[in-house]
Amino acid sequence: MSKSANKSTGTPATVALARTGLPHTLHPYVHDPRSRYFGEEAAAALHVDPARVFKTLVVELTSGPEPLVTAVIPADNHLDLKQIAALSKAKRAALADPAVAQRVTGFVRGGISPLGQKRQTPVIIDQSVAAAPTIFVSGGRRGLSVEMAPDDLVRATHGRLGTISRPGLHWS
């Protein structure tokens, strides 16, 4: 796997990942602007199981130690808001407004990465990440995925694992 980003795919996410020195591979693909389900689109374009493609969601918390966290879950699952609230020691959790997510991370919806965020939020990664030797996350723009080992994603994001998703599509 490559250790660096090239100029045509350089984003804050790929630059941050390259700085870690962790092995990874960039996978650009043609993004369909009509697509609403970005993780599924990436899985289809890259010809990989959607369970190996992880979507990144920004979550607002009520009465917790942090106002926002980043959830990383399989593209073929949906976020369990009660679980992420409990893991974050918050009363409630809700998906952040896309404008808030963009302002905090510096990435647009469908291109939000857990890597290289403008203001890094705590990252919670669904424990199912360990089921595959490599997984795919957003490279910081629509049409760019990063393939890497699950342990390396945890290391690069200073993330923690938890059960934060459940089967089902198109809810979050």
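So, helix 2: its buried residues pack against strand 1 (25–28), strand 7 (135–138) and strand 8 (144–148). Please keep in mind that we're looking at a predicted model here. Which residues of helix 2 are buried? They are F38, G39, E41, A42, A43 and L46. Step just past the end of helix 2 and you meet H47, which takes a positive phi of about 60°.

Now, how far would I trust this? Helix 2, residues 38–46, has the lowest mean pLDDT among the elements of the chain, at 87. At the other end sits strand 6, residues 123–126, with the highest, 98. For the chain, the mean pLDDT is 90, and 92% of the residues reach 70 or more.

Let's stay with strand 6 for a moment, as there's a nice picture to build. In a regular strand, side chains alternate between the two faces of the sheet. In strand 6, both faces are covered: V123 and I125 are buried on one side, I124 and D126 on the other.

Who are the partners? Strand 3, residues 68–74, runs parallel to strand 6 and is joined to it by 3 bridges; there, V72 stands opposite I125. Strand 9, residues 160–162, is also parallel to strand 6, again with 3 bridges, and in that pairing D126 stands opposite G162.

One friendly warning before you all go off and play with the coordinates. Over residues 2–8, pLDDT stays under 50. The model does have 18 contacts beyond four places in sequence for that stretch. Still, where pLDDT is low, the predicted coordinates should not be read in detail.

Thanks, everyone!

Notes: Residues are numbered from 1 along each chain as its sequence is written. This is a predicted model: local features need pLDDT of at least 70, side-chain atom pairs count only at pLDDT 80 or more; totals for chains, interfaces and linings use all residues. Side-chain values use heavy atoms; hydrogens and water are left out. pLDDT is the predictor's confidence in each residue, from 0 to 100. Helices (H or I, at least four residues) and strands (E, at least two) are DSSP runs, numbered from the N terminus. Contact means heavy atoms within 4.5 Å. Buried means under 20% relative accessible area, exposed over 50%, partly exposed in between (1.4 Å probe, protein chains only). Two strands pair if DSSP finds at least two bridges between them.
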